[in-house]
Each structure stands twice: as structure tokens, then as C-alpha cells.
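Student: Hey, got a minute to go through this model with me? I'd like to get my bearings before I head back to the bench.

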Amino acid sequence: MLSRRQFLQFSAVSAAGLSTSSLGILGFSATQVLAEVRQYKLERTTETRNTCPYCSVGCGLLMYSLGDKAKNAPAEIIHIEGDPDHPVNRGTLCPKGAGLLDFVHSPNRLKYPEYRAPGSDKFVRISWDDFIAKNADGTTVNRWLSTGFLAASASSNESGYLTHKVVRSLGILAFDNQARV
Amino acid sequence: MALQSLDITSRSATTTPSPGVRQTQKVAKLIDISKCIGCKACQVACMEWNDLRDEIGTNHGVYDNPLDLTDKSWTVMRFSEVELEKGKLEWLIRKDGCMHCADPGCLKACPAPGAIVQYSNGIVDFHEEHCIGCGYCITGCPFNIPRLSKKDDKVYKCTLCSDRVSVGMEPACVKTCPTGALVFGSKEDMIQHAEERIVDLKSRGYNNAGLYDPPGVGGTHVMYVLQHADQPQIYNGLPKDPQISLLVELWKGVLKPIMSLGLGLVALTGFFHYVTVGPNEVKEDANENQHGR
């Protein structure tokens, strides 16, 4: 049997225990281990150097892809950042360059040849064989190749849009604008 | 492994102290507002690194895009047009985001054990797996930074790229910044860098240039170089003397042990009541009377 003294000691200890772990009674377990940080995601990815093609500054890029180049694991780019060893940008990138990953994975990317027949208003997918055959016999050549067009870098968005429409509707292929000038 | 530089010094809603013998290098991000051109490369780099893609918003007629921090936009540029001297317009662009306070109000207010942690290098990190979505950290934050996600009811904010810093790299926003307005390093070096910048700014006529490292929250691990440090509120409402809300301090400070004691006393009283008076027994005839009706 408990003596009166033992009983009081027991009660005091339980009260102290309850008050320090009041969260315990409310259902929060104190047994959770230390918080775990998000792991560094590039640990064993393949790093590939490249140059950003989107303006004439030509910043150096580091492209990180899943897979270690093993035969059975095709690579997939998961991250792009600036190349610190590149003399042009020394690791920095502009907002366009910083978002290049979404260019790579854009659903609007052209991944196969398409053909728009004369008078048609839509492109249809064709095979690579058809594409090469059409190019070889010159049927798709309807372009003004002898002339180029250079537009100013200080144009507004609207005049840039109009310039693009005019030049392209004339069939001119060699057309350059904005930061590349 | 990678946790070597991420020793935890304090943990939300935890009474037992964290291991605190080892001391790692205190780090800091310095944002030099006088160098920022508002290109938002930091916003893009942040989303890209952290695998976030915010919803495409609408144009609000201002450069701020998105208009406010969200659960997916952990940093935003805030543009203010200020005319301190007549005819001299200044375009002040402040990169907003978590300040990583040395005395974090969010961590103090958080009731979920381990949902908010502070590393010994100064980074305050949210561990969303333990987050219960109560939003108390939003009340606790003097800078109004954390954002509750409608998708999963968890709170998100800038982590200062703790995953990059843990392996010795700089945060994604700092790396991408084309003008060098963002720099990252040890807090000591950043303060020194800021001092050099302030000397330069003062020589250019910004007599009130200074460092923003508010002592009210114990200093921060994200600091600003301000051209007008005497009035930080012109930088889109940057608080002049940020403090953790008195309510949070009271509630998590003085009142918490009293409440815990109260809870203990209730349990104790209940026990004594049970021992001295006993359970409340229903008499059989009371039951019969009920059936009789």
C-alpha cells in the first residue's frame, strides 16, 4: 500500500510531468525526431556546360540532368543555373535565363516536322522521310532568302510585333531584333 | 551528412533544449537596394530551384508581379515611387521575403513541435511535414511573410535555400542576381560589405544611407542596405522597429507556464475529488422514476 507521503510525492511528480508536457495530453507526440531539411537535389546529377542562346550576351549555363549517363537511364534536365567559371556572367543569369528549365520542358516546343500545304491554314505532322523528301525537291521553298531585316533595339513591344508581322509575311527569314543588335 | 552546417539550435513547441555545443558559421544575405534594377531574376530562380510554379496572375497596373507573397512565391520585388525632395523621383525596389530573424516570432508562436526550426547558422526553416496549418506563425511574424497554402493547409516561406547552404552553396536568388545587388556570406563579411557600400552611397549624397539589421528581432540574417535608412517605411512599409507582437510574447512567455500549471491542477483536483468524494453514482430508483413516465 502507498503511504501518505509516497502518495503526495507521486501526485506532485505527475502534476509536474503533466504541466511540462501539456501538449502531450492534447495529442502531440514529443517523440518526433529532429526536423529533416530538404536534401540537396543535385547530389549525383550529371552536370553539362552550355551557352544560353537567347541573346547575344551568351551567358554560360550549367545544366543538371537526372541519370549518371548509364546506358539504361536516359537523361532528363531538372535544373539550370549560371556557370561561375564563365567569364561573361560568372554564375549570374537574367530572369529569362533563370527560367530556362521551362523552355526545355515547354509543351509548345517543336519536336517533329510539320507541314502546311499551300492555301491550308493548319500544320499537319509529317514523318522525317517526308520532310527530307519535300526539302530535297524544293516544294516547301517559298521564302525571300536574298534579303535580311535588322530592327532597332529601342522599339516598343507594339512596334516590335508589327515589324515581326510585316517581315515574316514578306517571307524574309533573316530577321534580327532587340538585344542581339 | 549534409546536416553538419545545419545544426538545430531551437525548435518550435519543444521544451527540451536542442544540442548546442557546436557553433557553425553565421550566414547572411545582404540586399543592396541601391543596386537593384528590379529584373526579378531572383523570383524566377527561387521558383525554379524550389520546384514551385505560381499561378499566372493578371496585370494590376504596377510592376509588382505577383502583387504579394504567396505560398508559391517566396520572394517578390516591391516597387515604390518616392519623392523625398521635390522634383527628384526615386524608384525604390525592395526584394521582400523572409528576414530570418535571430529571434524568430514565427518559431515562438508555433504550437507544432518541430514545424519551425532555427539552425545555428541563423536560417529559420519551416518543416511542412510537421505543420498543422494553424497560421499562428503569420501572427508571430513582424514582417508578414509566411503564407498559408489553400492546397495543403501548410505554411510556406523562403528557406534561404537551406538545402543549398547545407552543402556550401549560396541561395539561388543570390547566385542569379545580375547586378550583384544580392550577396551572401558570413554575417560578419556581409556587415563589412554593407559598410563599404554605405560609405560609397554617402559620398554620392545619400547622407542617411545605412544598414537595416533591426535589433528588435535580435538582428536578421537577411539585411538591407538602404539609401534612406532613417525612414525604412518608404520602402513599401518596411517596419522601422519590428517587434514580435506583445500578444505572442505574453501568450508564449508568461502565460504558457501558468496555463500548463492550471491544466495540471485541474487533473490533480479531479483525482482528489475522485478519491475523496468518489464517482457520481446514479441511484436505481431515479432510473425507475424515468421509466415510469
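Tutor: Sure. Keep in mind that this is a predicted model. Let's begin with one residue pair: B:Tyr212 stands opposite B:Tyr224, which sits in strand 11 of chain B.

Student: Okay, which strands are being paired there, and in what sense?

Tutor: Strand 10 (residues 210-212) of chain B pairs with strand 11 of chain B in the antiparallel sense, over three bridges.

Student: And what about strand 2 of chain B, does that run parallel or antiparallel to strand 11?

Tutor: Parallel. Strand 2 (residues 27-32) of chain B is joined to strand 11 of chain B by four bridges. In that pairing, B:Asp32 stands opposite B:Val225 of strand 11.

Student: How many residues of strand 11 in chain B are buried?

Tutor: Five of the five, residues 222-226, so strand 11 of chain B is largely enclosed by the rest of the structure. Both of its faces are covered: B:Val222, B:Tyr224 and B:Leu226 are buried on one side, and B:Met223 and B:Val225 are buried on the other.

Student: Which residues touch the most other members of the largest nonpolar core?

Tutor: B:Ile33, B:Ala45, B:Cys110, B:Ile116 and B:Leu182, in a core of 82 residues. Helix 1 (residues 41-49) of chain B gives the most to this core, with seven residues.

Student: Let's zoom in on B:Leu182. What does B:Leu182 touch?

Tutor: Leaving out residues up to four places away in sequence, B:Leu182 touches B:Lys29, B:Ile31, B:Cys42, B:Cys173, B:Val174 and B:Cys177. As a general point, nonpolar side chains tend to be buried together in soluble globular proteins.

Student: Stepping back, what radius of gyration does chain B have?

Tutor: Chain B has 25 Å, whereas a compact globule of 293 residues would be near 19 Å. Its C-alpha atoms fill a box of roughly 95 × 50 × 35 Å along the principal axes. Chain B has nine helices and eleven strands, and buried residues make up 42% of its 293 residues.

Student: What share of its contacts join residues at least 24 apart?

Tutor: In chain B, that share is 62% of the contacts between residues at least 6 apart in sequence.

Student: Now chain A. How many helices and strands are there?

Tutor: Chain A has six helices and seven strands. Along the sequence they come as α-α-β-β-β-α-α-β-β-α-β-α-β. Buried residues make up 11% of the 181 residues in chain A. Of the contacts in chain A with a separation of 6 or more, 34% are between residues 24 or more positions apart.

Student: What order do the strands take in chain A's open sheet?

Tutor: The order is 1-2-3, three strands with antiparallel pairing. Strand 1 (46-51) and strand 3 (76-82) of chain A are at the edges with a single partner strand each, so one side of each is left without a neighbour in the sheet. On average, neighbouring strands of this sheet are turned by 30 degrees against each other, ignoring direction.

Student: How many bridges join strand 2 to strand 3 in chain A?

Tutor: Six, and strand 2 covers residues 60-66 of chain A. To pick out one pair, A:Tyr64 has A:His79 in strand 3 as its bridge partner.

Student: Is helix 6 of chain A enclosed or in the open?

Tutor: Largely in the open, because the number of buried residues among its 13 is zero. Helix 6 (residues 157-169) of chain A reaches 18 Å from its first C-alpha to its last, close to the 18 Å expected. Just after this helix, A:Gly171 takes a positive phi of about 85 degrees.

Student: Any backbone oddities in chain B I should look at?

Tutor: Have a look at the loop between helix 1 and strand 3 (76-85) of chain B, where B:Pro66 lies. A cis peptide bond joins B:Asn65 and B:Pro66, with omega about -5 degrees. B:Asp51 is in the loop between helix 1 and strand 3 of chain B as well, and its phi is near 55 degrees, a positive value in a residue other than glycine. For context, most residues other than glycine have a negative phi, and most peptide bonds are trans.

Student: Is B:Asp51 buried or exposed?

Tutor: B:Asp51 is exposed, with 12 other C-beta atoms within 10 Å.

Technical notes: Residues numbered from 1 in each chain as written. Chains lettered and ligands numbered in written order. Predicted model: local features only at pLDDT ≥ 70, side-chain atom pairs only at ≥ 80, totals over all residues. Helix = DSSP H or I, 4+ residues; strand = E, 2+ residues; numbered from the N terminus. Expected span 1.5 Å × (residues − 1). Buried ≥ 20, exposed ≤ 12 C-beta atoms within 10 Å, placed from the backbone. Core = buried A, V, L, I, M, F, W, Y, C linked by C-beta atoms within 7 Å. Contact = placed C-beta atoms within 7 Å. Rg over C-alpha atoms; globule rule 2.2 N^0.38 Å. Pairing = 2+ DSSP bridges. Axes fitted to C-alpha atoms, helices over the stretch in contact; angles between N-to-C directions.
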